[in-house]
Amino acid sequence: MTFKPNVLDRIAESGLVTVIRAATPSDAVRIAEASFQGGATAVEITFTVPDAARVIEELSKRSTGHLIGAGTVLDAETASTAIQSGAQFVVSPALNQATAELCRQKSVPYLPGAATVREIIDAMNAGAGIVKVFPGEVLGPAFVRAVKTVLPHAKLMPTGGVSLDNVRAWINAGSVAVGVGGNLTSPAARGDFRAIAELTKQFINEIQQARS
């Protein structure tokens, strides 16, 4: 399956997807922009954000080479809305076959969540080039390490519970990238978007250090 221009490769190269949940569309946009300022390549606008499709559309129009994705996509209808709004990749907490098929038809990467080896295999069979390991805080880096032993070709991206304290462990276990939410975006609650840019830099540095 061929996807538009190397989205999965760029996610893997960067190693970081900023997962954005926010109370307002404007906060979501500001978080994304702050993370981009910190060096992030990709952000995931979850559909828990009010008017998420409009946020995706706005960021896509402003984007100068960044990747804008849609998250918490539970069905094909939402995926279609996200793609029409400009989403370059689609993320779900679990595999949805109708969503996988739609994304395949649109040549948009689909990253479904998985919490067992069987779910990871099912996700890859459905066309997922990267599988979201979720919930990360429950499964832990040891889960990724164990999966990579039997599925060395699996490209895994843990989301949930990834922090500056453990991001190196996730990468060292074999994760191709990490999705980071509250541990990166929480300063938005106090209006400190500069701190989000700085945290982004720190996460990217930790990922690079782990890879080196």
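## Gly182 and the predicted model

Gly182 is partly exposed, because its relative accessible area of 48% falls between the 20% limit for buried residues and the 50% limit for exposed ones. This glycine belongs to helix α10, which covers residues 182–185. Gly182 and Thr41 are separated by 141 residues in sequence, and their C-alpha atoms lie 18 Å apart in space. These values, like every value in this report, are computed from a predicted model.

## Overall form

The secondary structure of the protein consists of 11 helices and eight strands. Along the principal axes, the C-alpha trace spans about 45 × 40 × 30 Å. For a chain of 212 residues, a compact globule would be expected to have a radius of gyration near 17 Å; the protein has 16 Å, and so agrees with that expectation.

Two further values describe how the chain is arranged. Of the 212 residues, 52% count as buried. Among contacts between residues at least 6 apart in sequence, 58% join residues that are at least 24 apart.

## The sheet

How are the eight strands ordered in the open sheet? The order is β7-β6-β5-β4-β3-β2-β1-β8, and the pairing is parallel. The edges are occupied by β7 (156–158) and β8 (178–180); each has a single partner strand, so one side of each is left without a neighbour in the sheet. From one strand to the next, the twist averages 30 degrees.

In general, the strands of a sheet are paired through backbone hydrogen bonds, and the pairing may be parallel or antiparallel. The following sections consider particular strands of this sheet.

## Strand β1 and its partners

Strand β1 comprises residues 16–20. It is mostly covered, with five of its five residues buried. Burial applies to both faces of β1: Leu16, Thr18 and Ile20 are buried on one side, and Val17 and Val19 are buried on the other.

Strand β1 is joined to β8 by three bridges, and the two strands run parallel. In this pairing, the bridge partner of Thr18 is Val180 of β8. Four bridges join β1 to β2, and these strands also run parallel. Here Ile20 has Ile45 of β2 as a bridge partner.

## Strands β3 and β4

Strand β3 (residues 67–71) and strand β4 (residues 89–92) run parallel and are joined by two bridges. Which residue of β4 is the bridge partner of Gly69? The partner is Phe89.

The side to which each residue of β4 points can also be described. Phe89 and Val91 point one way, whereas Val90 and Ser92 point the other way, and all are buried.

## Helix α2 across the strands

Helix α2 (residues 25–37) lies across β1, β2 (42–46) and β3, and it runs at about 160 degrees to β1. Since angles over 145 degrees count as roughly antiparallel, α2 is roughly antiparallel to β1.

Glu33 is one of the residues of helix α2. Is Glu33 buried, partly exposed or exposed? Glu33 counts as partly exposed because its relative accessibility is 28%, which lies between the limits of 20% and 50%. Glu33 and Arg62 are 29 residues apart along the chain, and their C-alpha atoms are separated by 9.6 Å.

## Helices α4 and α5

Helix α4 (residues 76–84) packs with helix α5 (residues 97–106) at an angle of about 30 degrees, and the axes of the two helices are 8 Å apart. Because angles under 35 degrees count as roughly parallel, α4 is described as roughly parallel to α5. On the α4 side, the contact is made by Ala76, Ala79, Ser80 and Ile83; on the α5 side, it is made by Ala98, Thr99, Leu102, Cys103 and Lys106. Sorted by class, the contact contains six nonpolar residues, two polar residues and one charged residue.

Arg104 is also placed in helix α5. With a relative accessible area of 31%, Arg104 is partly exposed. Arg104 and Ala128 are 24 residues apart along the chain, and a distance of 9.3 Å separates their C-alpha atoms.

Key. Residues numbered from 1 in each chain as written. Predicted model: local features only at pLDDT ≥ 70, side-chain atom pairs only at ≥ 80, totals over all residues. Heavy atoms only, no water. Axes fitted to C-alpha atoms, helices over the stretch in contact; angles between N-to-C directions. Parallel < 35°, antiparallel > 145°, perpendicular 65-115°, else oblique. Contact = heavy atoms within 4.5 Å. Nonpolar A, V, L, I, M, F, W, Y, C, P; charged D, E, K, R; others polar. Buried < 20%, exposed > 50% of the residue type's maximum accessible area, 1.4 Å probe, protein only. Pairing = 2+ DSSP bridges. Rg over C-alpha atoms; globule rule 2.2 N^0.38 Å.
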